Amino acid sequence: MRHSVRASMIILFLLFLPFLLLGLAGSCLAATVDVGGAGDFTDIQSAIDATKSGDTVLVKPGEYLITAPITFKGKAIALLSESGPEATTIRMATPSDASRGSVVAFETKEGSASLLEGFTLTGGKGSSWAYAFASIGGGIRCLGASPTVRS
């Protein structure tokens with residue numbers, strides 16, 4: 001009797017193992033979040049903040065007005081426009097911090113898997129640099145990072 005209960009438990013475990021593994025695999029898959037229109041988010045930075053490395057942020061056509069640089073925060077994500085730079089603009093308004101006027105800032109060791117593609121970046125005033133008396137990187141500030149940027 002004892003052996004048949006053990007055998008039944010093993011058979012039951014083996015039957016449910018594939019479902020358990022599928023559930024775990026599904027939680028590890030990359031996600032795509034949409035920005036704009038009826039998307040998941042209305043602003044780009046909130047979408048980035050909600051992602052994890054491996055995810056994609058897909059931005060619908062339009063102009064996105066910001067007051068602080070878009071930052072990837074070290075995540076290996078893809079930030080893509082849906083319709084290319086002719087239709088999708090990120091514009092820096094008056095920066096909330098005058099020393100941080102770049103449109104996009106890569107400064108948290110982002111690597112080549114951090115991808116920015118398909119945007120017109122405009123209005124950037126640059127960001128202060130600790131070793132100079134000038135601002136650098138009006139469009140993109142890249143400091144201690146090596147992201148991939150494509151038009």
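Is Lys 52 buried, partly exposed or exposed, and what is its relative accessible area? Lys 52 is partly exposed, with a relative accessible area of 38%, where buried stands for under 20%, exposed for over 50% and partly exposed for the range in between (1.4 Å probe, protein chains only).

The views below show a predicted model, in which local features need pLDDT of at least 70 and side-chain atom pairs count only at pLDDT 80 or more, while totals for chains, interfaces and linings use all residues. Residues are numbered from 1 along each chain as its sequence is written, and side-chain values use heavy atoms, with hydrogens and water left out.

**View 1. The salt bridge between Lys 52 and Asp 55.** The two side chains meet at 3.4 Å, N to O, a salt bridge being a side-chain nitrogen of Lys or Arg within 4 Å of a carboxyl oxygen of Asp or Glu. Whereas Lys 52 is partly exposed, its partner Asp 55 is buried, at 5% relative accessible area. The count of salt bridges by this rule comes to 7.

**View 2. Arg 91 and Glu 63, a salt bridge between strands S6 and S3.** The closest N and O atoms of Arg 91 and Glu 63 are 2.9 Å apart. This pair links distant parts of the chain, 28 residues apart, with Arg 91 in strand S6 and Glu 63 in strand S3 (residues 62–66); helices (H or I, at least four residues) and strands (E, at least two) are DSSP runs numbered from the N terminus. Arg 91 counts as partly exposed, at 31% relative accessibility.

**View 3. Thr 88 in strand S6.** Strand S6 covers residues 88–92, and Thr 88 within S6 counts as buried because its relative accessibility is 0%. With residues up to four places away in sequence not counted, Thr 88 touches ten listed partners, among them Val 59, Tyr 64, Ser 81 and Phe 119, contact meaning heavy atoms within 4.5 Å.

**View 4. The network of Arg 100, Glu 107 and Arg 141.** The side chains of Arg 100 and Glu 107 meet in a salt bridge of 2.8 Å, N to O, and salt bridges that share partners join these two residues and Arg 141 into one network. Arg 100 is partly exposed at 24% relative accessible area, and Glu 107 is likewise partly exposed, at 29%.

**View 5. The largest nonpolar core, with 21 residues.** Such a core is a set of buried Ala, Val, Leu, Ile, Met, Phe, Trp, Tyr and Cys residues joined through side-chain atoms within 4.5 Å. Those with the most contacts inside the core are Ile 44, Ile 48, Val 57, Val 59, Ile 70 and Leu 79. Its largest share, 3 residues, comes from H2. Leaving aside neighbours within four places in sequence, Leu 79 is in contact with residues including Phe 72, Leu 115 and Leu 116.

**View 6. The open sheet S4-S8-S13, with parallel pairing.** Strands S4 (70–71) and S13 (140–142) stand at the edges, each with a single partner strand, so one side of each is left without a neighbour in the sheet. S8 and S13 pair over 3 bridges in the parallel sense, two strands being paired if DSSP finds at least two bridges between them, and Phe 106 has Cys 142 in S13 as its bridge partner. Ala 105 has its place in strand S8 and is buried, with a relative accessible area of 1%.
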